[in-house]
Each structure stands twice: as structure tokens, then as C-alpha cells.
Amino acid sequence: MKIKAINGFKDILPEAALRWQQIEQKARDIFERFGMCEIRMPILEKTELFSRSIGEATDIVEKEMYSFSDKGITMRPEATASLLRAFIEHGLHVQQPVQRLYTIGPMFRHERPQKGRLRQFHQMDVEIIGATEPQVDAELMAMGQMLLNDLGLTVSLEINSLGCPACRPDFRVKLITYLEARKESLCEDCRRRLATNPLRALDCKSRGCKALVQDAPSILDSLCNDCNTHFAGVEHSLNLLGVTYSKNRFMVRGLDYYTRTTFEFITDDLGAQSAVGAGGRYDGLIEQLGGPPLPGIGFAMGMERLALLMDQQTDSTIPKSSTDIFIAALGDEATEYSSMLTHKLRTLELKAAMDYSGRSLKAQMKQAGRINSRFALIIGENELVEKQAVLRNMQTQEQVTFSLNEIIDEQAERLRSIIKPEFRITEDNVII
Ligand code: ATP
Ligand code: MG
């Protein structure tokens with residue numbers, strides 16, 4: 001019996017991994033342009049970290065966490081809580097009043113697996129801590145948009161404001177009153193959460209709830225003056241930066257810690273999984289986790305969904321990995337000799353490959369083609385005696401005679417100067 005991976009846990013095979021590298025490199029490049037520094041946290045955290053930040057009455061904490069209940073620890077379902085825990089624990093705010101941090105890695109949620117929804121998935125998460133200005137919110141969204149654009153993706157941005165502790169309670173009461181009166185039409189989950197998390201009904205996917213909330217009071221009509229000004233500032237700054245967006249008063253997000261600005265990058269191209277990235281402001285959260293009273297804002301993008309969308313929306317083929325040179329060795333002596341030459345080439349930073357199996361020349365040349373090798377050097381017993389081998393350009397099929405006269409180090413350097421002309425050797429043997 002073969003042992004297979006667990007449902008919802010997926011291998012990323014070599015070809016797909018190239019796509020992932022492409023996404024990750026682009027993200028790191030853009031994040032760093034915006035002054036972000038990388039931080040890496042452990043995957044396991046105390047369960048309390050998530051129940052205190054994400055909120056008890058949320059899907060994640062209620063039913064999606066992988067917890068070792070006897071040990072009181074949980075595999076992180078998202079990155080923000082862990083990142084803030086690390087931020088607080090190491091007093092990072094003391095070094096620099098505004099911290100810009102990013103992290104990339106796996107998250108774990110026990111959900112129903114489907115296309116673009118896994119139990120182990122990967123997020124690229126960014127956070128700006130210590131700044132409350134609306135320009136920062138806009139800058140962060142502009143950064144997300146830039147990354148999506150550079151990956152060749154067309155995704156729309158929706159924004160909302162969830163108010164603050166001064167205005168949200170009033171809105172909650174208004175909303176509960178509205179929903180209570182229409183309780184029979186709510187889905188089971190929303191009915192149960194009416195008292196603990198009524199806002200969730202606003203973006204519930206069930207048809208009954210969806211229809212019912214169309215006429216519900218709008219959070220945007222209930223914002224206090226400060227939240228109103230802040231939201232207007234976010235819109236103004238988005239316009240200044242040329243970021244296209246639309247307002248969606250039904251977007252409330254599935255985590256309790258958000259205040260004021262929330263946003264999602266959404267698409268119609270991934271079926272039921274519409275959000276490619278999402279985030280928002282969390283001005284009270286750091287204090288709630290025992291840290292200093294600092295504001296913050298962040299977002300996370302799902303890498304599986306980005307990869308799927310790239311396959312769907314772009315014709316950019318996955319860059320194929322290539323090898324610089326393959327050495328086809330025939331016979332024991334040639335194999336030994338080639339192993340030294342291959343090793344030398346690798347120390348010179350070339351991608352060099354060979355095969356120790358003693359297979360036929362034809363089989364070895366096939367292998368050279370399979371690994372997309374640009375050159376092949378053929379060394380047999382005769383070649384060793386005559387001190388010359390055949391060097392073939394695999395793209396043009398041109399062949400030249402390559403001398404094996406000098407010591408191996410020099411041969412390796414001469415090969416490099418052919419394969420990578422930027423390493424041409426000058427008259428006096430200096431590599432330029
Ligand atoms: P959804 O509404 O799709 O469940 P979410 O609101 O739970 O998403 P967040 O917690 O905000 O998602 O996470 C941010 C991003 O991480 C999402 O926009 C999505 O791209 C990705 N993501 C979240 N959960 C999963 C998952 N189970 N599988 C794959 N990607 C995910
Ligand atoms: Mg979810």
C-alpha cells in the first residue's frame with residue numbers, strides 16, 4: 001500500500017515550484033522597494049495567541065485550527081498574530097518607531113479542501129506597525145496592486161471601513177436589531193452568532209443571508225467623525241496613487257481584530273474562492289496582546305491562488321530550468337576524470353551535470369536534452385588518450401574539438417569562458 005499525502009495537504013512539484021519561486025522573488029523585490037524587512041516566526045504558537053487576537057466567535061478559532069489541546073499549542077492559521085507576538089516579545093518598536101515587516105510561509109486551517117482552498121496553504125504577509133495615517137493604508141494597497149500587476153494579473157480592489165471602538169458598538173446594536181427582526185431567514189451559523197459576531201452576516205455566502213442584508217444598515221453611515229475623516233483620507237490617497245478601487249460595505253472579514261480600513265483583492269476567475277489577498281487595520285490589537293498601544297495595518301496574499309490565477313490569466317510560461325553543461329562519460333577512467341571536471345565547473349558557479357551509470361552515448365545525450373543542457377562534452381577512453389573531446393552546442397548542434405591538454409583547473413576555466421563568454425580569458429590568462 002502506497003502512503004499518500006493527507007487530504008488538503010499538497011506537494012509542490014519541481015515545475016510548479018518554479019512558478020512559486022517566480023512569485024516569491026517578485027514579491028520580495030517589491031516589498032523591499034517599499035522598505036519592508038523579512039521576519040520569520042515558528043509555525044507553532046500558544047493557542048491563546050489566536051483565540052485572543054482572531055476572536056473566539058470566528059470560523060478560524062471555532063472550527064478551523066489544528067490544535068494540540070493537551071499541550072495548549074496550535075499550528076498558526078495566519079501570520080499577523082504570530083508576527084505581532086514576535087514584535088512585542090522583542091520590543092522591535094524601540095529600535096524604530098514604524099516597522100515594516102513581511103513574512104512568507106505555510107498556514108494551517110481545517111477547512112473543506114477545494115480548488116484554491118487547502119488545509120496547508122501559503123501566505124505572503126506584510127504589516128506596517130506604528131503608523132495610523134491613511135496614506136499608509138493607501139501605500140500598502142498600492143503595493144499589493146503593484147505586485148499583482150507585475151505578475152500580470154487583473155484583480156479588483158474592494159475597500160470598507162469597520163469603524164472603531166467609538167462607533168462600531170452603535171452599529172452593532174443597529175445591525176442586531178435589524179437581523180433579530182428577520183431571524184428566520186438567517187442561516188444557522190449567522191443565527192447562532194447573532195449576539196457574538198453579528199457583522200459576519202454581512203458577508204455570509206448563504207443565499208438567504210445575502211438577500212436579507214441588502215437593506216441592512218450600512219457601517220459607512222455609522223462611522224464617527226474620526227473614522228469618516230480617516231476613510232476619506234484613504235480614498236483620497238488611493239486616488240493620488242492612481243489605485244482603482246470600489247467600496248463594499250458588506251466586507252467585514254473573518255477576523256475580529258480589524259478596525260477602520262479593510263480591503264480585499266478579488267477575482268471572478270477562481271470560482272468560489274474570490275479573494276486573492278485581504279487585510280486591514282488593527283489599531284487595538286497590539287495592546288490587546290500585551291504590547292505597547294501601537295496601531296498597525298497589514299494584508300496577506302494566498303500563494304496557491306496567485307499561482308492558479310497566473311496559470312489562468314497570463315500566458316507567461318513557467319521558466320524552464322536549464323543546465324549549462326552535461327558531461328557524457330564513457331568508460332570507468334573517463335567517468336572518474338569527468339567527475340573531477342564536473343566538480344571543478346560547479347566550484348566555478350556553472351550548472352554542470354553528469355551520469356555515472358556508464359549508459360550508452362545515445363542514452364546520455366538524451367539525458368542532456370531532458371535537463372535542458374546548453375552544452376555537452378563527450379569524453380571516452382580514446383578522448384583521454386588523444387587528449388581531446390567533442391564539445392557540442394545543444395541548441396545549434398555545432399561541434400568543436402576541446403583540448404584536454406592542460407590541468408583540469410585550466411580546462412574548467414576554458415570551458416567556462418566558452419559557455420559564459422563574460423568570463424573570457426585574456427592573453428595573460430586573467431579572467432575578466
Ligand atoms: P476566504 O474568504 O477565501 O476563506 P479568508 O478571508 O479566510 O479567505 P484570510 O484569512 O484573509 O482569508 O487570508 C488571506 C488570503 O489567504 C486569502 O485572500 C487567500 O488568498 C488565502 N487563503 C486563506 N485561506 C486559504 C486556504 N484555506 N487555502 C488557500 N488560500 C487561503
Ligand atoms: Mg476563510
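## Close-up views of a ligand site and two helices

**View 1. Polar contacts around ligand 1.** A backbone N or O atom of glycine 277 lies 3.4 Å from an oxygen atom of ligand 1, in what is a predicted model. Two further pairs of atoms can be picked out in this view: a polar backbone atom of leucine 118 is 2.9 Å from a nitrogen atom of ligand 1, and an N or O atom in the side chain of arginine 305 is 2.9 Å from an oxygen atom of the ligand. Of the 580 Å² of accessible area that ligand 1 has on its own, the protein covers 89%.

**View 2. The shell of residues around ligand 1.** The elements that contribute two or more residues to this shell are β6, β10 (275-281) and β11 (296-302), and the largest share, 4 residues, is given by β10. Of the 15 residues around the ligand, those that come nearest are Arg109, Glu111, Leu118, Arg253 and Arg305.

**View 3. Helix α1 and its buried side.** Helix α1 runs over residues 14-33, and because a rise of 1.5 Å a residue gives its 20 residues an expected span of 28 Å, the 29 Å between its end C-alpha atoms agrees with that expectation. The buried residues of this helix are Arg19, Trp20, Ile23, Ala27, Ile30 and Phe31; they cover an arc of only 100 degrees around the axis, and therefore lie on the same side of α1. These buried residues pack against β5 (99-108), β6 (120-129), α6 (134-150) and α12 (303-313). On the face of α1 turned away from the buried side, the exposed residues are Pro14, Glu15, Gln25 and Arg33. Just after the helix, glycine 35 takes a positive phi of about 80 degrees.

**View 4. Helix α7 and its packing against α9.** Helix α7, which comprises the 13 residues 168-180, reaches 18 Å from its first C-alpha to its last, close to the 18 Å expected at 1.5 Å a residue. Buried in this helix are Arg168, Phe171, Leu175, Tyr178 and Leu179, and because these residues cover an arc of only 90 degrees around the axis, they are placed on the same side of α7. The packing partner of the buried residues of α7 is α9 (207-213), whereas the face of α7 turned away from its buried side carries the exposed residues Asp170, Val173 and Thr177.

Note on methods: Residues numbered from 1 in each chain as written. Chains lettered and ligands numbered in written order. Predicted model: local features only at pLDDT ≥ 70, side-chain atom pairs only at ≥ 80, totals over all residues. Heavy atoms only, no water. Expected span 1.5 Å × (residues − 1). Buried < 20%, exposed > 50% of the residue type's maximum accessible area, 1.4 Å probe, protein only. Arc of directions from axis to C-beta. Contact = heavy atoms within 4.5 Å. Near = heavy atom within 4 Å. Polar contact = N/O pair within 3.5 Å; in protein donor to acceptor, adjacent residues only side chain to side chain. Areas by Shrake-Rupley, 256 points an atom, 1.4 Å probe, with all protein chains shown as cover.
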